[in-house]
Amino acid sequence: MQRQYLQAIKSRILEPRKFIQVILGPRQVGKTTLITQALHEVDIPYLFATADNIEGDSTVWLKTLWSKARIECRKHNAEAGFLLVIDETQKIANWSEVVKREWDMDTFNGVNIKLVILGSSSLLIQKGLTESLAGRFEVIPIPHWSFAEMNEAFGWTADQYIWFGGYPGPAELVGDENRWKQYISTTMIETSISKDVLMLSRIDKPALLRRLFEIGCRYSAQIVSLSKIQGELNEKGNLTTLSNYLNLLDSARLIGGLEKFSSDMIRQRASKPKFQVYNNALVSAQIPMTLVQAQADANLWGRLVESAIGSHLQACADKGRYRLYYWNDGCREVDFVLQRGTATIGIEVKSGKANHVSGMKGFEERYHPEAIYLVGADGIPIEEFFRLDPVELF
C-alpha cells in the first residue's frame, strides 16, 4: 500500500495541473518518509521545512519561507516548477489564510510554485482546507500500515499484527514487550494527544479526554453508550462534551465511534457508538499481558481480532470510498456494515467456532445486502482477509 501512495505522490508532483497536495495521516505511519522518497525520485527542485519547532510568530515564519521558495524558483527556472513542502502544517496559526494569500498571488503572477503540506491532525487541516482553500487542494490520506506491509517488512504473523498493530517505528522492539508498550504509550499515545489534540483544540477537561481515550480503547469493538462511559468516568458533565472529545480523538486517528447502520438517518445519528481504535497497538499497549497470555484468553482474543478487522476496514475506507457501520437488533448483531454508493455488505467476525450467526440472517432479511461474509471460523481466514482490499467484496 505504501508503494501505491508513493506513486500517487510522485505523479501528482509532476502533473502540470496546479493543486495543493495534502498528505494527511496519523503520526508515525511514514508521511515524511514517503515525501522524502518521492523528492529523491523526481527531477524537480524543492524546499522542505517543518513547522514542528517554530519559535516566534509562525505566520511570519510561513511568509518568510514562501519568499525563500520564490527566490529559489526564479534561480532554478525549472519548467516543471518548484516544490515547497511543509511538514506539521497544523502547527502554524492561521496557516490556511496565509497559504491562500500567497498561493493566489503566485497564481496571478505566474509563479510556478507547487505546494505539498503534511499534517497529522485531520480536524485542523480539513477545517483550514474547507474554510479558505476550497477548490485549490487534493488530499492523499495515509493510513496505518497494513498486515501485508508489516508481514513483508518484519515477517509478522497475523497474530502478531492483531496484537502489535500497524506502527512500523517500534516494530523492532516487540521482542521486549515492556519496552514496546512504553514506546507506544509515550511516543505514540501521549504525543498524539498532547500535540494533535490538547495543544491545537480548546479542551476544558484534558483529564476527561485522556480517560475517555483509555476507556474507549478498553471497549474497542464493543457497543457502549456514552452515558455508561460517563458513569465509569464519574463525570457529571454533559454528554455533548464526551461526544465532542470522541470526535477530536477520531480526528487524530486514535479512536472513533462507529454509527449503527439504519435506513433512518435520525436513528443512525442517535445510536450508541461502537468504539473502534485505528490501530490495535493502542489497545494492547494498555493491557498488562503478553501476546501469549492474551491468546490464552478466548474472550479477550476474540475482541482483539474483531478490533483488528475493524482497524483494517477503517484504514481502507478513504481509498475505497465506503462508509463503515455496525448493525444490531436486540441480541442480533453484524459486526461491520460497509456501504459504497447504494451497495451494502455485512461482515461478521468469529475467532472461534461460528455458533451464533443469527445476526447475519436478520440483517439479510431486513436490508437485502449484496453479500454477507463470515471472517474466521469456517469463513474467510483472518490472514487472508487482512490481505484483501475490502472494495473487492462488493
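# A tour of two open sheets and their helices

Start by selecting residues 20-24, strand β1, together with residues 113-119, strand β4: the two pair in the parallel sense, joined by four bridges. To see one of the contacts along this pair, pick L24 and look across to β4, where its bridge partner is G119. Keep in mind as you go that this is a predicted model.

**The five-stranded sheet**

Now widen the selection to the whole sheet. It is open, has five strands in the order β2-β3-β4-β1-β5, and its pairing is parallel. At the edges you will find β2 (46-50) and β5 (137-141); each has a single partner strand, so one side of each is left without a neighbour in the sheet. If you look along the sheet, the twist from one strand to the next averages 15°.

Next, bring up helix α1, residues 2-14. This helix packs on the sheet and touches β1, β3 (82-87), β4 and β5. Compare its direction with that of β5: the angle is about 165°. Then add helix α3, residues 58-76, which lies across β2, β3 and β4. Its run makes about 155° with β3.

**A closer look at β4**

Hide the helices for a moment and return to β4. On its β3 side, the two strands pair in the parallel sense over five bridges. Select L83 to see one such pairing; its bridge partner in β4 is K114.

How many of the seven residues of β4 are buried? The count is seven of the seven, so β4 is largely enclosed by the rest of the structure. Colour the side chains by the way they point: I113, L115, I117 and G119 go one way from β4, while K114, V116 and L118 go the other way, and all are buried.

**A stop in helix α4**

Move on to residues 95-109, helix α4, and pick out E102 there. Is E102 buried or exposed? With a relative accessible area of 7%, E102 is buried. Show its surroundings next: apart from neighbours within four places in sequence, E102 is in contact with K63, W66 and R70. For a distance to check in the viewer, take the C-alpha atoms of E102 and L62, which are separated by 9.8 Å although the two residues are 40 residues apart along the chain.

**The four-stranded sheet**

Now travel along the chain to the other stop with a sheet. This open sheet has four strands in the order β8-β9-β10-β11, and its pairing is mixed. Its edges are β8 (323-329) and β11 (371-376), each with a single partner strand, so one side of each is left without a neighbour in the sheet. Here the twist from one strand to the next averages 30°.

Select residues 343-350, strand β10, along with β11: these pair in the parallel sense over six bridges. Within that pair, I345 stands opposite A371 in β11.

Two helices are worth adding to the view. Helix α15, residues 298-320, packs on the sheet and touches β8, β9 (332-340), β10 and β11, with its direction at about 15° to that of β9. Helix α16, residues 358-367, also packs on the sheet, with contacts to β8, β9, β10 and β11, and its direction is at about 45° to that of β9.

While helix α15 is on screen, select S311, which lies in it. S311 is buried, with a relative accessible area of 7%. Setting aside residues up to four places away in sequence, S311 touches Q276, V277, Y278, N279 and N280.

**Stepping back**

Finally, zoom out to the full protein chain, whose secondary structure comes to 17 helices and eleven strands. Its radius of gyration is 22 Å, close to the 21 Å that the globule rule gives for 394 residues, so the chain is as compact as a globular protein of that length. Along the principal axes, the C-alpha atoms fill a box of roughly 70 × 50 × 45 Å. Of the 394 residues, 53% count as buried. The accessible surface comes to about 18300 Å², and 48% of that belongs to carbon and sulfur atoms.

As a last step, colour the chain by pLDDT. The mean is 88, and 92% of the residues reach 70 or more. Among the elements, helix α7 (residues 158-164) has the highest mean, 98, and helix α12 (residues 265-269) the lowest, 60. Where pLDDT is low, the predicted coordinates should not be read in detail.

Notes: Residues are numbered from 1 along each chain as its sequence is written. This is a predicted model: local features need pLDDT of at least 70, side-chain atom pairs count only at pLDDT 80 or more; totals for chains, interfaces and linings use all residues. Side-chain values use heavy atoms; hydrogens and water are left out. Two strands pair if DSSP finds at least two bridges between them. Axes are lines fitted to C-alpha atoms, for helices over the stretch in contact, and angles run from 0 to 180 degrees between N-to-C directions. Contact means heavy atoms within 4.5 Å. pLDDT is the predictor's confidence in each residue, from 0 to 100. The radius of gyration is taken over C-alpha atoms; the globule rule is 2.2 Å times the number of residues to the power 0.38. Buried means under 20% relative accessible area, exposed over 50%, partly exposed in between (1.4 Å probe, protein chains only). Accessible areas come from the Shrake-Rupley method with a 1.4 Å probe; for residues, only the protein chains shown count as cover.
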